[in-house]
Amino acid sequence: AAALRWGEPLPDTHLSPQNDGRLRLSRQGVIFKNSKTGKVDNIQASELAEGVWRRVALGHGLKLLTKNGHVYKYDGFRESEFDKLSDFFKAHYRLELAEKDLCVKGWNWGTVRFGGQLLSFDIGEQPVFEIPLSNVSQCTTGKNEVTLEFHQNDDAEVSLMEVRFYVPPTQEDGVDPVEAFAQNVLSKADVIQATGDAICIFRELQCLTPRGRYDIRIYPTFLHLHGKTFDYKIPYTTVLRLFLLPHKDQRQMFFVISLDPPIKQGQTRYHFLILLFSKDEDISLTLNMNEEEVEKRFEGRLTKNMSGSLYEMVSRVMKALVNRKITVPGNFQGHSGAQCITCSYKASSGLLYPLERGFIYVHKPPVHIRFDEISFVNFARGTTTTRSFDFEIETKQGTQYTFSSIEREEYGKLFDFVNAKKLNIKNRGLKEGMKQSYDEYADSDEDQHDAYLERMKEEGKIREENANDSSDGSGEETDESFNPGEEDDDVAEE
């Protein structure tokens with residue numbers, strides 16, 4: 001027994017429009033040719049074990065099972081065609097075409113049956129849905145829970161990402177129902193298996209997202225992240241970009257791996273993998289391949305024995321295997337000489353790196369914004385103090401990112417950088433004003449007049465002038481001080 005946790009409605013078993021084709025039934029067997037890909041399914045009559053006719057989302061469907069466990073489904077039939085098909089199956093294949101209905105009660109508690117390449121979720125004797133196990137890319141277990149993740153169909157607009165099953169505990173000793181369920185899935189699933197030895201292993205690397213210390217095993221087609229609680233297998237095909245970013249303290253390096261689709265842990269999705277290295281940590285590395293293989297495969301980019309700082313080794317190996325170039329900060333230099341700007345995004349403080357073709361913010365939450373998706377940027381007054389300002393970015397999709405609490409000294413450098421990159425600045429023309437007084441410095445809401453804000457600005461101006469006067473060493477203070485010891489009539493009266 002198992003309960004399905006509905007993440008989103010499951011698709012019916014009908015074929016998507018891009019799988020259109022022609023089905024031919026003959027005495028020798030069944031042939032289906034996909035008109036888009038040209039792929040041909042050829043099922044011999046002698047291989048057919050079972051035929052099922054049922055109502056599906058688009059009309060009626062035919063499900064064929066073969067003796068070696070393969071399942072084929074075709075739909076788009078009309079109800080009137082059942083008799084003709086049934087007679088043909090009886091006459092030529094000596095097979096009864098059984099009529100079966102799907103259960104549409106909407107219950108989520110039922111029995112899971114494994115047959116051939118299929119997982120079938122049944123209520124009573126009626127199936128609710130079936131999952132072809134060859135579509136499963138990952139199967140993870142939790143307490144009383146099994147999660148199936150699926151390979152993505154690039155042509156489909158909407159894809160089912162994952163399905164979770166709650167498996168109740170049993171009284172039997174020695175049998176873990178969750179483990180048994182997972183083994184049944186994995187035996188037929190198309191999961192990345194760690195076959196052969198890893199090319200190399202990096203032990204106990206510090207990972208900021210997902211947080212923890214992980215061993216990273218590098219395989220020819222994927223990397224395996226192994227931590228105390230989580231295990232991830234990340235195919236190199238899902239790696240979008242690699243970044244190597246020097247920390248502001250000049251002693252550490254961030255290595256960022258951008259992923260699509262992201263790795264998932266429960267409801268959390270990690271689009272970025274962020275490793276943190278100390279610059280003075282060195283390593284000697286020997287690849288688990290002979291020298292000819294290394295030369296043939298990496299063409300001089302890697303050698304069998306390498307040594308150097310840990311971050312360099314990890315980035316070199318990743319670059320060679322993923323075959324992507326590593327993005328480093330461009331020629332931007334901030335006020336303090338660092339290649340990044342300290343700021344806050346959402347609740348936490350982090351570093352914003354202006355790159356040659358975009359911005360990246362690390363580390364919580366990581367954000368990467370390409371210049372070509374930026375609609376405009378905006379320099380805005382800091383909300384809390386006049387010593388800082390906010391940098392806002394709006395994308396063409398309408399998403400807004402606000403990087404706040406940036407030191408006022410960084411303004412000129414950032415403005416020049418944005419200007420040189422020809423990004424639209426919403427409040428252009430206020431750079432000079434910024435230097436004289438903060439008030440002429442643009443506000444984010446330039447469209448509407450805000451009387452309260454104007455008054456606050458005036459008061460702020462007066463306060464700032466007063467503060468400047470008092471700091472000149474004149475010692476004059478505008479507020480009357482409370483001087484204990486000087487007797488006052490009022491106080492005595494009280």
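Okay, let me start with one pair of residues: Y361 has V367 in strand β28 as its bridge partner. That pair belongs to a ladder where β27, residues 358–362, and β28 run antiparallel, joined over 4 bridges. Keep in mind that this is a predicted model.

So, zooming out from that ladder. Strands β27 and β28 sit in an open sheet of 7 strands, ordered β28-β27-β26-β25-β31-β30-β29, and the pairing is antiparallel. At the edges you have β28, residues 367–370, and β29, residues 374–381, each with pairing on one side only. On average, neighbouring strands in this sheet are turned by 30° against each other, if you ignore direction.

Now, which helix packs on this sheet? That's α5, residues 411–420, which touches β25, β26, β27, β29, β30 and β31. Its direction makes about 160° with that of β29. If you want to find those strands on screen, β25 is 341–345, β26 is 348–354, β30 is 388–395 and β31 is 400–407.

Staying with α5 for a moment: Y411, L414, F415, F417 and V418 are buried there. Looking down the helix axis, the buried residues of α5 fall within an arc of 165°, so they line one face. The background is simple: an α-helix has 3.6 residues a turn, so residues three or four places apart point the same way. Right after α5 comes K422, and its phi is positive, near 60°.

Let's move to the other sheet I wanted to show. This one is open too, with 8 strands in the order β18-β17-β16-β15-β21-β20-β19-β24, and here the pairing is mixed. Its edge strands are β18, at 231–235, and β24, at 326–327, and each pairs on one side only. At the β18 end, β17, residues 222–226, pairs with β18 in the antiparallel sense over 5 bridges. One bridge to look for there: H224 has K233 of β18 as its partner.

There's a helix to look at here as well. Helix α4, residues 310–322, lies across β15, β16, β17, β19, β20, β21 and β24, and runs at about 100° to β15.

Let me pick one residue out of β20, namely I257. Is I257 buried or exposed? Buried: its relative accessible area is 3%, and the cut-off for buried is under 20%. Apart from neighbours within four places in sequence, I257 contacts V239, R241, L242, H271, F272, L273 and M318. Take V239 from that list: V239 and I257 are 18 residues apart in sequence, yet their C-alpha atoms are 6.8 Å apart in space.

Here's another buried residue, and this one is a lysine: K63, in strand β6, residues 60–66. K63 counts as buried because its relative accessibility is 10%. What does the K63 side chain make a polar contact with? The side chain of E130, at 2.6 Å. Beyond its neighbours within four places in sequence, K63 has contacts that include E50, G51, V52, R54, V71, Y72, K73 and L118.

A quick detour to backbone angles. Most residues other than glycine have a negative phi. R94 is not a glycine, and still has a positive phi of about 50°. You'll find R94 in the loop between α1, 82–93, and β8, 97–99, and at 77% relative accessibility it counts as exposed. N323 is also a residue other than glycine with a positive phi, near 65°. N323 sits in the loop between α4 and β24, and its 56% relative accessibility is why it counts as exposed.

Last thing, confidence. The protein chain has an average pLDDT of 76, and 81% of the residues score at least 70. Where is confidence highest, and where is it lowest? The top is strand β14, residues 162–166, at 87, while the bottom is helix α6, residues 431–436, with a mean of 42. Two stretches stay under 50. Over residues 4–17 pLDDT stays under 50, and the model has 31 contacts beyond four places in sequence for that stretch. Residues 473–478 also stay under 50, with 4 such contacts in the model.

Definitions and conventions:
Residues numbered from 1 in each chain as written. Predicted model: local features only at pLDDT ≥ 70, side-chain atom pairs only at ≥ 80, totals over all residues. Heavy atoms only, no water. Pairing = 2+ DSSP bridges. Helix = DSSP H or I, 4+ residues; strand = E, 2+ residues; numbered from the N terminus. Axes fitted to C-alpha atoms, helices over the stretch in contact; angles between N-to-C directions. Contact = heavy atoms within 4.5 Å. pLDDT = per-residue confidence, 0-100. Buried < 20%, exposed > 50% of the residue type's maximum accessible area, 1.4 Å probe, protein only. Arc of directions from axis to C-beta. Polar contact = N/O pair within 3.5 Å; in protein donor to acceptor, adjacent residues only side chain to side chain.
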